Amino acid sequence: MKKYQSVDQSSQKSIFLKKAGFSAWRSKVSSRFLFIWTVSLSGSFLAAALLPAAALAEPPSPLNPASEGAQNIANLYWLTFWIAAAIFILVEGLLLYAVIRFRERDPKATPPKIHGSTPLEIAWTVAPATILLMVFALMVRTMSAAAQPPAEAMQVKVIGHQWWWEFQYPELGITTANELYVPVGEPVAVELTSDNVIHSFWVPRLAGKTDVVPGQTNSMWFQADRVGNYRGQCAELCGAQHANMNFMVIAVPPDQFELWAGRQQQPAVTASGEAASGEQIFMSGQCIACHAIDGTVAQGIIGPNLTHFGSRQTIAGLMLENTPENLAHWLADPQAVKPLNKMIITELSQDEIEALVQYLGSLQ
Ligand code: HEC
Ligand SMILES: [Cu+2]
């Protein structure tokens, strides 16, 4: 067995360093490196700080708020951002100053040894703690304002499915999907639950995120201050089609909301013409296993309620615009449009698709 020679590493290393003049070389390299690193880091942070203003001007962004709640969140964001920016400039400035002012001029000189400074240490402990406490207090205030819906708020129940949103208005007796109509300037109290995995309900321009958890009811509220379509999305990875679990909050003037609600409260229209044969196919086949159409035998609860499907602007979580061509495309092969979604059907003939498109389109 070969015996290993014991090596005195520290003495070998110091011999090597002395021989190569390595010590001086290393300190020169490292101070140069530190200098370049500091300058380039400051540069890129500065660029990153200036860029978002242009890049994020595009909606839907939480920095483009359309409600008081979202405005509070945006204010908190900007306050934190500017505090962080000021600290960043201060720290990087001091660092740059120190790097330039105290850079190595004489490789042989040894810097003075400093053994701490109690006032400095107290200062840099107390100052960050104070700033963090202040931000924390402001955050708690913003969060509690977001949690308490006003008493007169309209109730909406939101159920997260894989991968679409069900919206119920218990006071109005309406069930719909993916498009949440609300009256502008009126508070909406939202109760959230899931029948499967955890999702997260997020309309960036109207409110913060709220988790949608199976077996639990979470609540939040918002009030759209301006008429408009506000894009929402699931903000918690929930499976294959998480990215296509989108929805839209449609804020309309109160009188238009009344009109919309009045129409939605009606049972489905009775079909006539070609739509009637579509209705026949729908009611006698696979569709009713999963879909409900109020006022008919279709009472399935796996898929979206289709009672007023024709009045919706989009199909399958905003994936497609609701046009006859797109609907035919969806019915021909829902798995091709939205792979792994829960609408699994046996293939329909071209005639059946055409009739179903007529029928579903007539469900205004
Ligand atoms: C096994 C259950 C199931 C069957 C059977 C089924 N669907 Fe679906 N359907 C779904 C699900 C789930 C969705 C939502 C898919 C998504 O967006 O992820 C859906 C979505 C739809 C949509 C789009 C609704 C919207 O608002 O986005 C239409 C229209 C539709 N189905 C029509 C039909 C028709 C017509 C039939 C019969 C030929 C049918 N479905 C059979 C489960 C089913
Ligand atoms: Cu989801």
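Which residue in β10 is the bridge partner of Asn229? It's Ile250, and the fourth view below shows the strands involved. Keep in mind throughout that this is a predicted model.

**View 1. The whole chain, for orientation.** Before zooming in, here is the overall inventory: ten helices and twelve strands. Of the chain's 364 residues, 25% count as buried. If you take the contacts with a separation of 6 or more, 66% of them come from residues 24 or more positions apart.

**View 2. What surrounds ligand 1.** There are 30 residues around ligand 1, and the ones that come nearest are Cys287, Cys290, Gly303, Ala316 and Met343. Sorted by class, the shell has 20 nonpolar residues, seven polar ones and three charged ones. Domain 2 (154-258) and domain 3 (274-362) each supply at least three residues to this shell. Ala316 deserves a second glance: it sits in the loop between β11 (314-315) and β12 (320-321). Its phi is positive, about 60°, even though it isn't a glycine. Is Ala316 buried or exposed? It counts as buried, because 24 C-beta neighbours fall inside 10 Å and the cut-off is 20 or more.

**View 3. Strand β5 and the strands on either hand.** Strand β5 covers residues 188-194, with Val188, Val190, Leu192 and Ser194 on its covered face and Ala189, Glu191 and Thr193 on the uncovered one. Why the every-other-residue pattern? Side chains in a regular strand alternate between the two faces of the sheet. Strand β1 (residues 154-161) runs parallel to β5, joined to it by seven bridges. In that pairing, Val158 has Leu192 of β5 as its bridge partner. Strand β8 (residues 218-222) also joins β5, this time antiparallel and through five bridges. There, Val190 is matched with Met220 of β8.

**View 4. Strands β6, β9 and β10.** Strand β9 (residues 228-234) pairs with strand β6 (residues 199-202) in the antiparallel sense, over two bridges. Look for Trp202, whose bridge partner in β9 is Gln233. β9 also pairs with strand β10 (residues 246-252), again antiparallel, over six bridges. This is where you'll find the Asn229 and Ile250 pair from the opening.

**View 5. Inside the largest nonpolar core.** This core has 60 residues, and Val158, Leu206 and Val249 have the most contacts inside it. Helix α10 (residues 350-362) gives the core its largest share, five residues. Centre the view on Leu206 and leave out its neighbours within four places in sequence: it is in contact with Ala66, Ser67, Ala70, Phe222, Ala224, Tyr230 and Val249.

**View 6. Ala275 in helix α7.** Ala275 belongs to helix α7 (residues 274-284). It is buried, because 22 other C-beta atoms lie within 10 Å, against a cut-off of 20 or more. Not counting residues up to four places away in sequence, Ala275 touches Gln358, Tyr359 and Ser362. What separates the C-alpha atoms of Ala275 and Ala355? The answer is 5.9 Å, although the two are 80 residues apart along the chain.

**View 7. Two spots with unusual backbone geometry.** Most residues other than glycine have a negative phi, and most peptide bonds are trans. The peptide bond from Gln162 to Trp163 is cis, with omega near 0°. Trp163 has its place in the loop between β1 and β2 (164-169). Asn178, in the loop between β3 (174-177) and β4 (179-183), has a positive phi near 65°. With 22 C-beta neighbours inside 10 Å, Asn178 counts as buried.

Technical notes: Residues are numbered from 1 along each chain as its sequence is written. Chains are lettered from A and ligands numbered from 1 in the order in which they are written. This is a predicted model: local features need pLDDT of at least 70, side-chain atom pairs count only at pLDDT 80 or more; totals for chains, interfaces and linings use all residues. A residue is near a molecule or strand if its C-beta atom, placed from the backbone, lies within 6 Å of it. Ala, Val, Leu, Ile, Met, Phe, Trp, Tyr, Cys and Pro count as nonpolar, Asp, Glu, Lys and Arg as charged, and the others, Gly among them, as polar. Domain bounds come from an automatic or database domain assignment. A residue is buried if 20 or more other C-beta atoms lie within 10 Å of its own, exposed if 12 or fewer, and partly exposed in between; C-beta atoms are placed from the backbone. Helices (H or I, at least four residues) and strands (E, at least two) are DSSP runs, numbered from the N terminus. Two strands pair if DSSP finds at least two bridges between them. Two residues are in contact if their C-beta atoms, placed from the backbone, lie within 7 Å. A nonpolar core is a set of buried Ala, Val, Leu, Ile, Met, Phe, Trp, Tyr and Cys residues joined through C-beta atoms within 7 Å.
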